[in-house]
Structures are given as C-alpha cells and as structure tokens.
Amino acid sequence: MSQTKTELLQGNLYINGEWVSEEEQTYFESVNPATQELVGTCAAATASQVDDAVKAASTAYSDWKNTSIPERAAFLTKAAELFENRKEELAQVMTKEMGKPLSESIGEVGVVIATAQYMAGEGRRLFGEIVPAGFSDRDIKMIREPLGVVACITPWNFPVSLASYKMFAALIAGNTVVWKPASEVALSAKIFMEVLHAAGLPKGTINLLTGSGRIVGQNLATHSEVKIISFTGSTEVGQQLAEMSSKTLKRISLELGGKNAVIVLKDADLDKAAEGIVKSAFTTTGQRCTAASRVIVERSVKEELLKKVIALTKEMKIGNGLEQGVVIGPLVNEQQCRLVENYVQKAVEEGGDIALGGHTLSKLGTCYYMPTIIDNVRSNHTIAQEEIFGPVLAFIEVDGYEEAMSVNNGTMYGLSTSIYTSSLHYASRAAKDAVSGLVYINNGTSNAEMGVAFGGMKMSGNGHREVSHHAFDVMTEWKSVYTNY
C-alpha cells in the first residue's frame with residue numbers, strides 16, 4: 001500500500017476550550033520524512049498566547065481541583081472510548097509526521113487508551129494516611145493535594161503516549177494542563193486534543209501550544225503560575241529547563257536520554273538474545289530513549305551472536321511506514337539522518353568495524369539510514385558513550401560478568417539495562433548491580449508495562465517516575481491536617 005494524497009491539515013492553538021489564532025499568526029510546516037510531502041501547517045504560539053494558556057489553566061484550576069475524583073475519572077473513561085473511535089486516523093497522522101510504521105502508531109494509540117483507563121482507576125487510590133497522635137484529643141491525617149498548572153513538554157518519537165502519561169496523571173490528581181508537543185508532531189497533538197475536547201473537559205483544564213521551544217518552552221519554564229514541569233527529551237534540554245524553572249521553585253520531572261545495553265553472557269540462549277537485541281535496537285528506527293545501542297557480550301560467544309543479530313536485521317523491511325510489512329521507517333528528518341551518519345563515521349575513525357549498514361538509503365528518500373552494526377567497539381569510544389537516537393548498535397567484547405557490568409555502568413546514563421543468562425546467580429546480581437531505573441532479565445531494553453514505575457538514574461532523569469501511581473509523587477503534594485477535639 002503506498003501513501004495517498006490527503007487534504008492538508010491545519011493546526012491552531014487550543015486555549016480555554018477554543019481553537020484560536022491571532023490575525024497575524026505565523027505557521028510552520030509538518031513534513032512527511034518518508035516522502036517529503038507536506039502533511040499540513042501548525043500555528044507557532046507567541047509569548048502572549050503562552051500567557052493566555054497559563055492564565056486559562058490557572059483560572060480553571062480552582063473548580064477542577066474541587067471536582068470529585070469520580071467525575072474527573074469519568075472524563076478520562078469517555079476519552080478512552082473516543083480515542084478508540086479515532087485510533088486509525090490518529091495513527092495515520094503520526095506515521096506521516098514522524099515516520100514510524102503504522103503498526104507501531106496504532107499500538108501507541110492503544111497505550112493512550114490503556115493509560116486513560118488506568119489513571120481513571122488510580123483516582124480511587126489517591127490514598128492519604130492516618131497518623132497516630134501524641135495527644136488523646138487529637139486526630140492527624142495526611143492528604144494528597146494538587147499543585148496547580150502543569151506544563152507538559154513532550155518529544156516527537158512517541159507523540160501521544162508520552163503526553164497521556166503526563167496529562168492523565170496531572171488531570172486525575174486535580175491539576176490543569178498546558179501541553180507543548182514537539183513541532184514535528186504538532187498535527188498529531190491537534191487530534192489528541194480534539195478527542196479530549198470531545199470528552200467534555202471543562203474550559204481551561206487542558207490547553208495546547210505548538211511552536212518553538214525557545215518561545216513556548218522557555219516561557220512555560222519561567223512562568224510564575226506554572227507549578228510543575230513534566231518533560232521528556234534530551235538530557236541537555238532537561239538541564240536547561242531545570243535551571244530556568246529553579247528561579248520560581250517549580251517541581252520538575254525529567255525523563256531523559258539513555259545509553260542502554262544488552263549484556264549477553266556465554267550461558268545465554270543466543271537465539272532469544274539476538275531477537276531481543278534486534279527489536280530493542282531498531283524498533284522506531286532506534287529513536288527511543290530505551291533503545292539498545294550497546295551489546296556487551298562475552299568474548300567466547302561474540303562471533304556467533306553477531307552473526308545471528310546480522311541475519312535477523314537483514315530480514316527487517318525498510319520503507320514508508322504506511323506500506324504493509326515495513327518494520328523500519330525513516331528517521332524523523334534529514335538533520336537526524338546527518339547526525340547518525342556523523343556518529344558512524346566517528347566510530348570508524350576510532351577503530352570500530354562496520355559489520356552491517358553504515359550508509360544512507362538514498363534510493364528510498366533523504367531520511368533513511370540502513371540499520372547499522374559496528375563491531376570491535378571499546379567502552380570509551382564516542383559511540384559507546386553518547387546517545388545517538390538512530391539505528392546504530394555497537395558490539396563490545398568483555399571477559400566476564402564483572403567487566404560487563406563495569407562497562408554497562410560506565411556512562412553518564414542509567415535508564416535501561418538488559419541481561420541474557422541462564423544463571424540465577426548472575427541474573428540476581430545484575431538486578432542489584434545495574435545502575436539503571438529499568439532492568440530486564442532475558443528480555444530486551446524496551447518492554448515496559450502499565451502500572452510499573454518508569455524512569456532513569458544518573459543523567460537519565462532526576463528521580464521521578466511515570467506510568468504508575470508513582471507519578472502522583474510529582475503531581476501532588478502532602479498536606480498534614482491536625483484536628484483537636
């Protein structure tokens with residue numbers, strides 16, 4: 001199935017329950033990386049529009065926080081039903097905007113639906129605490145309370161699922177939201193917001209601002225009425241947001257980059273390891289924070305594992321994500337393709353050997369890069385230390401578990417670690433020794449589930465977690481109530 005021409009989409013801003021634009025509003029283009037065709041145009045918010053959105057959310061907060069939790073949950077339940085109705089449409093636009101295969105996009109909308117249902121249920125479990133008092137005529141209770149306006153800033157690789165993690169947790173807790181999606185997926189964000197509008201959420205409770213990080217992101221980070229920032233993206237931008245938001249003592253949740261590794265010991269099932277490695281490394285064209293970009297393998301089984309990984313990678317169909325059977329789409333844009341190209345060149349200069357790929361696929365388009373495997377990489381090489389965000393996998397040989405774990409922990413990141421072994425001893429040690437927020441035993445690095453805390457250590461985050469009830473540690477604060485009688 002080839003891509004068909006569709007009517008161009010236009011995305012305006014959603015502020016205080018209405019789609020708005022100014023008389024002299026500027027727009028930017030959304031371009032399909034697979035074909036370079038124009039998908040549509042999107043409004044670039046001005047500083048004054050950022051202020052309008054924050055004020056609308058701040059005004060709506062007093063009523064929303066006093067809305068009963070079952071009522072809040074009902075809106076999310078309704079939204080889940082409506083997302084089901086528009087699943088195919090939303091998935092199509094996501095694939096056109098950022099390139100991932102349609103099957104992945106459909107699965108992502110499924111995650112949005114599951115998140116709405118999950119958070120609707122978690123509202124009933126926003127439990128407080130009863131604390132024994134030191135006096136006979138006193139009761140003490142601790143209750144969770146929302147904080148106010150939450151600025152959700154999300155990336156392009158998972159346009160709607162990451163937004164749902166943040167926004168639905170914020171809403172069920174009683175906060176209001178201003179959302180800034182990545183510009184590459186602004187039209188996907190528009191459809192997402194249309195669904196929430198149709199669910200009947202009160203005016204000002206949710207607001208959408210598309211546009212540049214320099215204007216929208218910075219103004220949200222410094223706005224006095226924004227109480228929480230929830231950000232997923234690069235470590236560099238996360239550091240900048242943390243610095244800017246510190247002046248107003250905002251709470252900030254950062255889910256940042258990774259340099260994730262799959263450790264393969266000599267007693268592992270190499271067929272299962274190879275399958276897990278390929279899926280972790282090349283799904284979403286390697287453009288995910290939990291993607292496996294390093295294989296740390298015991299020397300005695302390296303050659304056999306490498307052959308299996310190469311063979312499985314060669315079976316993956318590359319092309320336009322709207323075409324049937326495609327499992328690897330283009331990179332999100334030409335800039336990302338050039339970045340990957342530079343990293344591969346640097347790897348070769350530092351002594352790595354290209355075992356597969358290592359080049360663009362210009363016959364397919366300007367944003368395609370062949371899934372690449374680089375052998376004979378050392379742990380201090382650039383490609384073993386820096387996040388690439390592309391379909392590049394480095395093989396690093398080690399002499400045993402001790403060296404493998406040392407190499408795994410030897411980067412500034414700490415998001416996801418995987419180990420393949422048939423040894424309960426080494427599996428148990430890895431669970432304890434890996435400096436990672438996520439540890440997988442005999443599974444790849446990207447396989448998180450709903451209800452399980454998600455986030456990273458070291459420079460992969462600042463200690464907060466998403467996807468589970470632990471999100472409320474960000475979205476609420478504790479109030480202690482003393483009652484004397």
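Start by selecting helix H3, residues 87–98; helices here are DSSP runs of H or I with at least four residues, strands are E runs of at least two, and both are numbered from the N terminus. Around the buried residues of H3, the cover includes strand E1 (9–11), strand E4 (27–31), strand E5 (38–43), helix H2 (69–85), helix H4 (102–122) and helix H6 (186–198). That contact means heavy atoms within 4.5 Å, while buried means under 20% relative accessible area, exposed over 50% and partly exposed in between, using a 1.4 Å probe and protein chains only.

Before you click on, note that this is a predicted model, where local features need pLDDT of at least 70, side-chain atom pairs count only at pLDDT 80 or more, and totals for chains, interfaces and linings use all residues. Residues are numbered from 1 along each chain as its sequence is written, and side-chain values use heavy atoms, with hydrogens and water left out.

Back to H3: nine of its 12 residues are buried, so the helix is largely enclosed by the rest of the structure. Among them are Leu90, Val93 and Met94, but also Lys87, Lys96 and Glu97. Just past the end of H3, pick Gly99, which has a positive phi of about 100°.

**Next stop: the core**

Select Phe83, Met167, Phe168, Trp179, Phe192 and Leu196, which touch the most other members of the 57-residue largest nonpolar core. Such a core is a set of buried Ala, Val, Leu, Ile, Met, Phe, Trp, Tyr and Cys residues joined through side-chain atoms within 4.5 Å. Zoom in on Phe192: leaving aside neighbours within four places in sequence, Phe192 is in contact with residues including Val112, Val160, Ala163 and Ser164. There is also a second, separate core of 29 residues, including Ala281, Phe282, Val301 and Leu306.

**Rings to look at**

Rings of Phe, Tyr and Trp (its six-membered ring) pair if their centres lie within 6.5 Å; planes under 30 degrees apart are stacked, over 60 edge-to-face, and the rest tilted. That rule gives seven aromatic pairs. Try Trp156 and Phe389, an edge-to-face pair at 5.6 Å centre to centre with 85° between the planes. Trp156 sits in the loop between strand E8 (149–153) and helix H5 (161–173), and Phe389 in the loop between E16 and E17, so the pair ties together parts 233 residues apart in sequence. Are these two buried or exposed? Both Trp156 and Phe389 are buried.

Now show Trp179 with Phe192: edge-to-face again, 5.1 Å centre to centre, 65° between the planes. Add Phe83 and Phe168, and you have one aromatic cluster of four named rings: Phe83, Phe168, Trp179 and Phe192.

**On to helix H11**

Select residues 334–349, the 16 residues of H11. Its buried residues are Gln336, Cys337, Val340, Tyr343, Val344 and Ala347. They cover an arc of only 125° around the axis (taken from the directions from the axis to the C-beta atoms), which puts them on the same side of H11. What do they pack against? Show strand E15 (353–356), strand E16 (372–375) and strand E17 (392–398). Turn to the face away from that buried side to find the exposed Gln335 and Glu349.

**Last stop: Ser468**

Ser468 is in the loop between strand E21 (457–458) and helix H14 (472–475). At 0% relative accessibility, Ser468 counts as buried. Add Glu122 and compare: Ser468 and Glu122 are 346 residues apart in sequence, with their C-alpha atoms 8.7 Å apart in space.

Definitions and conventions:
Expected span 1.5 Å × (residues − 1).
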